[in-house]
Amino acid sequence: MPSANIKNLSVPQLLAMRADIDKQLQSRKTELQAQLAQIGGDGFGAKARSVKGAKVAPKYRHPKTGETWSGRGGVAGWLAQEIKGGKKREDFLIAKPGRKKRAKAKA
């Protein structure tokens with residue numbers, strides 16, 4: 001498509017140009033959708049899904065009350081009070097269960 005100074009075009013010329021652009025965009029869209037279908041994509045991969053509201057395992061636990069905090073968002077009130085009292089955040093970490101090691105394959 002030749003480049004044109006759109007300021008000098010009339011309204012009918014601009015509308016015709018718009019129609020040409022719409023056709024080209026639709027054609028390109030169809031091509032891309034066909035290519036996506038060939039590779040088995042649907043446009044909604046793992047990154048496209050929202051994680052908002054997803055449950056997260058707690059990371060910190062108060063030893064006396066059992067209250068927990070996931071470590072996301074604002075600091076939990078009970079933890080903030082304990083930190084002001086001189087304790088460290090690390091004192092309330094929940095121990096992660098140890099991972100089982102795989103046995104090495106013998107050759």
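This report describes the nonpolar core of a predicted model, its aromatic pairs and a buried histidine beside them.

The largest nonpolar core is made up of 6 residues, namely Tyr60, Trp69, Ala76, Trp78, Leu79 and Phe92. In soluble globular proteins, nonpolar side chains tend to be buried together. Within this core, Trp69 touches Tyr60, Ala76, Trp78 and Leu79, and its contacts beyond four places in sequence also include Pro58, Lys59, Gly74, Val75 and Arg89.

The structure holds 2 aromatic pairs, which are set out below.

| Pair | Distance between ring centres | Angle between planes | Arrangement |
|---|---|---|---|
| Tyr60 and Trp69 | 5.3 Å | 25° | stacked |
| Trp78 and Phe92 | 5.7 Å | 75° | edge-to-face |

The pair of Trp78 and Phe92 links distant parts of the chain, since Trp78 lies in helix α2 (residues 77-84) while Phe92 belongs to the segment after α2, 14 residues apart. Trp78 has a relative accessible area of 9% and is therefore buried, and Phe92, at 3% relative accessibility, counts as buried too. Tyr60 and Trp69, the members of the stacked pair, are both buried.

His62 is found in the loop between β1 (60-61) and β2 (68-69), and because its relative accessibility is 8%, below the 20% cut-off, His62 counts as buried. Leaving aside neighbours within four places in sequence, His62 is in contact with both Trp78 and Phe92, as well as with Glu67 and Glu82. The side chain of His62 also reaches the backbone nitrogen of Lys64, at 3.1 Å.

Key: Residues numbered from 1 in each chain as written. Predicted model: local features only at pLDDT ≥ 70, side-chain atom pairs only at ≥ 80, totals over all residues. Heavy atoms only, no water. Core = buried A, V, L, I, M, F, W, Y, C linked by side-chain atoms within 4.5 Å. Buried < 20%, exposed > 50% of the residue type's maximum accessible area, 1.4 Å probe, protein only. Contact = heavy atoms within 4.5 Å. Helix = DSSP H or I, 4+ residues; strand = E, 2+ residues; numbered from the N terminus. Polar contact = N/O pair within 3.5 Å; in protein donor to acceptor, adjacent residues only side chain to side chain. Phe/Tyr/Trp six-rings, centres within 6.5 Å; stacked < 30°, edge-to-face > 60°.
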